[in-house]
Amino acid sequence: MERFEIGSVYSSSRYMEELAKFAGSDIWDSFSSKSFAISGGTGMIGSYLIDLIMYRNDNMNQNSHVYVFGRNEEKAEKRFEKYYESPFFHFIYQDINKEIDAPIEKVDYIIHAASNTHPVAYSSDPIGTVAANVIGTANLLEWACKVSCERFAFLSSVEIYGENRGDVEKFKEDYLGYIDCNTLRAGYPESKRTGEALCQAYISQKGLDVVIPRLSRTYGPTMLMSDTKALSQFIKKCVDTSDIVLKSEGLQEFSYGYVADAVIGILTVIAKGTCGEAYNISSDGSDISLRELAGILAEYNGKKVVFELPDSVEMKGYSTATKAMLDTDKVKSIGWKSSYEIKEGLIETVLILREIKK
């Protein structure tokens, strides 16, 4: 797997300009002076959300306290170096798979974004994959009741839909396809399904207010360099000006979402969604095959697509889905719209990563 060292995302003028753009979204009117607790804060989606909140704190009088749950303070300090000393930023050492004992009396919004999300992690840490989505979710839901949060957001996934039965072009929120639960790879989608069921249990039994953003395959400049998803590997190759390596025929058709679109979608669901409801989120113009994705980046780079077999560890973590595209009419009906089509989002990602590459 290709790797390169990456510098501070804040060193990219392009990234800071993008934060300014999305920090100006009207959706923020719902969150002034509200506090957030975020698990998975150093991940792709959590870190982008935190950057937006802290940008608004510094530039737009947002006045939102952010509590970042994690097990590695050194990693968090490095990632959020620009904001780490801010009185609005708080790192909370917490393993979410253990009882939450954070010394916080009140939090307005809790966003559970902690999860393994790529093939090597699924196959090398299958227990951790399931635990974060089930045990971690239960612990955070229980803690949410104690701190009387206004709303809890459980970040779910397109993978809960399972295999497309061939009866629809795109998944609406009430679709349910087949998953072979007796496999290693089933740990991720099945535990996300269980996490959603836990949310419904806490709504019914404890009166908690919960919403469920269901995200497509998400990409963007805050992606982790350890991410082994196919698109993430394509992007890293493109940043390095290398040939794009495709480890299958590339006929799989998926929906994708640029990270900024995903984050604004999550905030829209928190602000305007109905308790207990799930909402699909993916960027417009981003339903595409892996082969086409590889071709876009190869063409942009002036390189070619080469085919290569994955290693055994990576192969065990691959999804078996061949068509998984999301219908986003429901989230659009509450006011969300995307900003990036796939080619524009891919080029934006590559340009930002090139700026911060060491």
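In this predicted model, Pro213 of strand β7 stands opposite Tyr279 in strand β11. The two strands, β7 and β11 (residues 278-281), pair in the parallel sense over four bridges.

**Strand β7 and its partners**

Strand β7 spans residues 210-215, and six of its six residues are buried. In a regular strand the side chains alternate between the two faces of the sheet. In β7, Val210, Ile212 and Arg214 point one way, while Val211, Pro213 and Leu215 point the other way. Both sets are buried, and Arg214 is one of the buried residues.

Besides β11, strand β7 pairs with β5 and with β6. Strand β5 (residues 151-154) runs parallel to β7 and is joined to it by two bridges. Here Ala153 stands opposite Val211. Strand β6 (residues 156-157) also pairs with β7 in the parallel sense, over two bridges, and Ser156 stands opposite Arg214. The pairings of β7 are set out below.

| Partner of β7 | Residues of partner | Sense | Bridges | Facing residues (partner, β7) |
|---|---|---|---|---|
| β5 | 151-154 | parallel | two | Ala153, Val211 |
| β6 | 156-157 | parallel | two | Ser156, Arg214 |
| β11 | 278-281 | parallel | four | Tyr279, Pro213 |

Strand β11 is covered on both faces. Ala278 and Asn280 lie on one side, Tyr279 and Ile281 on the other, and all are buried. The facing residues Pro213 and Tyr279 are therefore buried on both strands, Pro213 in β7 and Tyr279 in β11, under the 20% cut-off for relative accessible area.

**Helices α2 and α8**

Two packed helices are described by the angle between their axes and the distance between the axes. Helix α2 (residues 44-59) packs against helix α8 (residues 259-272) at an angle of about 70 degrees, with the axes 10 Å apart. This angle makes α2 roughly perpendicular to α8, because values of 65 to 115 degrees fall in that class. On the α2 side, the contact is made by Met44, Ile45, Tyr48, Leu49 and Leu52. On the α8 side, it is made by Val259, Ala260, Val263, Ile264, Ile266 and Leu267. The residues of this contact divide into 11 nonpolar, no polar and no charged.

**Aromatic pairs**

A search of the whole structure finds 15 aromatic pairs. One of them joins Tyr15 and Tyr48, whose ring centres lie 5.8 Å apart with planes at 85 degrees, so the pair is edge-to-face. It links distant parts of the chain, with Tyr15 in helix α1 and Tyr48 in helix α2, 33 residues apart. Both Tyr15 and Tyr48 are buried. Tyr48 is also among the α2 residues that meet α8.

Another pair is formed by Phe80 and Phe89, with 5.3 Å from centre to centre and 45 degrees between the planes, and it is tilted. Phe80 and Phe89 are both buried. Elsewhere, ring pairs link Phe22, Tyr219, Tyr258 and Tyr340 into a cluster.

**Ser35 and Ile92**

Ser35 sits in the loop between α1 (13-23) and β1 (36-39). Its relative accessible area is 10%, so Ser35 counts as buried. Apart from neighbours within four places in sequence, Ser35 is in contact with His65, Tyr67, Lys106, Val107, Asp108 and Tyr109.

Ile92 belongs to strand β3 (residues 89-93). With a relative accessibility of 11%, Ile92 is buried. Its contacts, again leaving aside neighbours within four places in sequence, are Tyr67, Val68, Phe69, Gly70, Ala102 and Ile104. Tyr67 thus appears among the contacts of both Ser35 and Ile92. The C-alpha atoms of Ile92 and Glu17 are separated by 29 Å, and these residues are 75 apart along the chain.

**Positive phi in the loop after α2**

Asn61 lies in the loop between α2 and β2 (66-70). Its phi is near 55 degrees, a positive value in a residue other than glycine. Asn63 is found in the loop between α2 and β2, and has a positive phi of about 55 degrees although it is not a glycine.

Are these two asparagines buried or exposed? Asn61 is exposed, at 61% relative accessibility. Asn63 is partly exposed, at 34%.

Notes:
Residues numbered from 1 in each chain as written. Predicted model: local features only at pLDDT ≥ 70, side-chain atom pairs only at ≥ 80, totals over all residues. Heavy atoms only, no water. Buried < 20%, exposed > 50% of the residue type's maximum accessible area, 1.4 Å probe, protein only. Contact = heavy atoms within 4.5 Å. Pairing = 2+ DSSP bridges. Axes fitted to C-alpha atoms, helices over the stretch in contact; angles between N-to-C directions. Parallel < 35°, antiparallel > 145°, perpendicular 65-115°, else oblique. Nonpolar A, V, L, I, M, F, W, Y, C, P; charged D, E, K, R; others polar. Phe/Tyr/Trp six-rings, centres within 6.5 Å; stacked < 30°, edge-to-face > 60°.
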